[in-house]
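Visitor: Hello! Could you walk me through this structure, one question at a time?
Guide: Gladly, let us look at it together.

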Amino acid sequence: MHSLRRPTGVSRFIFLGVCAWLAALLLVPLGALCVNVASDLGHVVSVLSGPEALNAIALTLAVTLACIVFNGIFGVAGALVLVRQRFVGRRVLDALVDLPLALSPVMTGLAFLLVLGRSGVLRPVVDRLGLDVAFAWPSVLIVTLFVTLPFTLREVALVLEEVGDSEEQAASTLGASAWQAFWRVTLPNVRGGLVMGATLTAARALGEFGAVLVVGGSIANRTQTATTFIHGALEERQESAAYGMALLLAAAAVALLFVLQRRRE
Amino acid sequence: MGIRVENLVKSFGSVRVVDHVSFEVRPGELVALLGPSGGGKSTVLRMIAGLEAADSGEVWLDGARVDHLHARDRQVGFVFQHYALFRHMTVADNIAFGLSVRKIPLAEQKERVATLLEVMGLPGMGERMPSQLSGGQRQRVALARALAPRPKLLLLDEPFGAVDAKVREELRRWLRKLHDEVHTTSIFVTHDQEEAFAIADRVMIISQGKLEQAGSPVEILDNPATEFVARFVGDVNVLPGVSRQGHVHVGRVSVPAEDPHPDGTAVNVVVRAYDLKFWREDGAGVATVRRVMTVGDRVRVEAWLDEVEAPIFAQFPRRSSLLHGVEAGCRIAVEITQARAWAVHAPDAR
C-alpha cells in the first residue's frame, strides 16, 4: 500500500530548500554575532560591564517590566470592555487598538515628541508639575507602553471570545459578586492569554528602537536603552560593544521564544 | 417555594421573544417548559433567574417580587445547557463554589460536597477536572453545583440536550427520582416532548413567545387548548375537512365533532396516529397504502387518502389484527376514532 505520508522526491526537495532558507536567514547572522563576540570576548565583557552598558540594560529591563505589568492590567480591563460590552463606537475603538502595530515606531516617537517636547501641547502641564518627560526616562516608558499596547489586550480578548461568559453567569447565580466572579472565574480563565501577551510585550519592549531613539535621544546613562546603546556604539565605531549587546538581546529573544513555544503546546 | 410570573415581555431588537407570559408554579412542583427551539422558553427561564432583564412584567418568588434583584441575590440554582462548569477548578471546587463565595466554614463545605458527590453518583471524582468527565457526569456535577447552596428554586435549561440518547434516558429518570427526594421546586426547559411528559408534573407549552397551554401531561395530550398544541404534541395527521351537522368530514370519512363549528366551515382536522383504524378492503376503501414500516414494537402504515389528496399515517401494535393483509399498494378503509377540528383562519390557527 502506498503511504500518503511518505515523502516523495519533490516534497523532500522542498523540505530541504525551506531548511536551507531558514538557516541562511536565521542562523547565519546569529552565528556571525557569536563568532565576532567570541573573537574579542575579553573586551566585550569589559565594555558590557561598564556603567553605560549596565544603565542601558537596567533601563530596558525596567521599562519592559513596567510594560508587562501596566499592559497586563490595562489589557485585561480593555479586553473585557471590548469583548463583553456593547457600546457606540466599539468597532472604532476595536480597530484603534491595533494602531501601534500599523504605525512606524519613528512616527510614534515623533508624535509623542510633538505632545511632550519643547513646544508640545502638554508641555505647560508637564512643566507645572515639575516633571522631566521628553529626553528623560518617562518618555521612553510612555512610547514603549504605546507600541506594546495591543499584545496583551488581543491575546486576552481572544481567550475571552473563546470561553464566552456562561461561567460568569453561573458564578452569579451561585451568589458570587462581580468582583468574586472576576478573581475566581474570569482571571484564571484568561491566564494563558495573559502569559502569551506578556511574552509578546516583553519581546517588543526589549527590541523597541525607533520610537525610543526619537523621544529619548539615546543619552548615555539617562535615556539610552539596550537597542540605542547598540546604535550609539556603532556610531562610535565600538563594534565589539555593539555585537555584545546585540547578542544579549538575541539571547533574551530566544528565551522568550521558548516560553511562547511551551505555551502553544 | 412557589413562583409566579406575570405578563413577562422581552424583545431582542425588533423581535419579541417573550410575549405576555404568565404562569404559576406551586411549591415542590417539577414543571417543564416545552416548545419548539427559538420559542422563547430559555429566555423566560433566564428572566426568572435574573440573567436577563424583562422589558416588562413581574417575577415573584415565595410571595416577594424579585425583578429588581440581581441574579446572585435570588437564591435560584441554574443548570446551563452546556454545563458552564468552571474549567480550571476541580469537581469538588466547582460544587463548593456557591458555598465558598458565601463564606460558609470549610468543614461544612467539605461535608456538603461529599454528600452531593454521593447523591449524584460521583463518589471519588472530587479531584478530577471537568475536562476529564463524560457528558453525563458533567451534567450531574453542574446539578450538584446548583444544588449545593440549597436554592429555593432550581432552573434547568435544556438539561439533557448535550448528551447522547441513552445517557439522556438515564439522566431523565434520575432527575425525577432526585426531585422526589429533594422536593426543590424545579422548572426545566426542553424541546423534547417525550422528556417533558415523562418527568414533569405539569407541562407548559410555549411557542413564538406565547404560553399556549399549561396542564398535566394527560390534560395536554387529551385536551389541547389550541391547534398549535394539538399539532405539536404527539405524532399527528393534519387533514383538510368540512364541518357538517355535528360531524367533521374528511373526504368520505367522518367523525363526530368535539368542537362545534357552523355547517360548511373548512377545518383542519388533527388526528393522532393512534386514533386511527385501518383495515384492508379490496375493491373499495378510501385510501391506498404506500408504505408499511416496522418501528420497534409498533408498525407504522402510511397511506394516501383519495378524495382529499393527502397523506395519512397510523401506528398499530405489531400483532394488531387490523394489520391483517395490509401491505404496500392495497386498498384500505379508514376510521377516525377521535379527532379535534379547528376552523381554518381561526385566530389561533398557525
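Visitor: Which helix holds Leu153(A)?
Guide: This is a predicted model, and we can start in chain A. The helix that spans residues 137-163 of chain A includes Leu153(A). That helix is α8.

Visitor: Does Leu153(A) count as buried or exposed, and why?
Guide: A residue is buried if 20 or more other C-beta atoms lie within 10 Å of its own. Leu153(A) has 28 C-beta neighbours inside 10 Å, so Leu153(A) counts as buried.

Visitor: Which residues does Leu153(A) touch, leaving out those up to four places away in sequence?
Guide: With those sequence neighbours set aside, Leu153(A) has contacts elsewhere in chain A. The residues are Gly75(A), Gly78(A), Ala79(A) and Val97(A).

Visitor: What separates the C-alpha atoms of Leu153(A) and Pro124(A)?
Guide: Along the chain, Leu153(A) and Pro124(A) are 29 residues apart. Between their C-alpha atoms the separation is 32 Å.

Visitor: Which element gives the most to the side of chain A that touches chain B?
Guide: The contact takes 15 residues from chain A and 19 residues from chain B. On the chain A side, the elements giving two or more residues are α9 (166-173) and α10 (178-207). By class, that side has 6 nonpolar, 8 polar and 1 charged residues. The element that gives the most, with 7 residues, is α9(A).

Visitor: Which residues touch the most other members of the largest nonpolar core?
Guide: The largest nonpolar core has 106 residues. Another core, of 50 residues, lies apart from it and has Val63(A) and Ala202(A) among its members. In the largest core, the residues that touch the most other members are Ile48(B) and Leu155(B).

Visitor: What does Ile48(B) touch, not counting residues up to four places away in sequence?
Guide: Leu155(B) is one of the residues in contact with Ile48(B). The others are Ile3(B), Val5(B), Val59(B) and Val76(B).

Visitor: Which are the edge strands of the open sheet in chain B?
Guide: In this sheet 5 strands pair antiparallel, in the order β13-β12-β11-β14-β20. From one strand to the next, the twist averages 40°. An edge strand here pairs on one side only, and the two named are β13 (253-256) and β20 (340-343) of chain B.

Visitor: Which residue of β20(B) stands opposite Val270(B)?
Guide: Strand β14 of chain B, residues 266-272, is joined to β20(B) by 4 bridges, and the two run antiparallel. Opposite Val270(B), in β20(B), stands Arg340(B).

Technical notes
Residues are numbered from 1 along each chain as its sequence is written. Chains are lettered from A and ligands numbered from 1 in the order in which they are written. This is a predicted model: local features need pLDDT of at least 70, side-chain atom pairs count only at pLDDT 80 or more; totals for chains, interfaces and linings use all residues. Two strands pair if DSSP finds at least two bridges between them. Axes are lines fitted to C-alpha atoms, for helices over the stretch in contact, and angles run from 0 to 180 degrees between N-to-C directions. Two residues are in contact if their C-beta atoms, placed from the backbone, lie within 7 Å. Ala, Val, Leu, Ile, Met, Phe, Trp, Tyr, Cys and Pro count as nonpolar, Asp, Glu, Lys and Arg as charged, and the others, Gly among them, as polar. A nonpolar core is a set of buried Ala, Val, Leu, Ile, Met, Phe, Trp, Tyr and Cys residues joined through C-beta atoms within 7 Å. A residue is buried if 20 or more other C-beta atoms lie within 10 Å of its own, exposed if 12 or fewer, and partly exposed in between; C-beta atoms are placed from the backbone.
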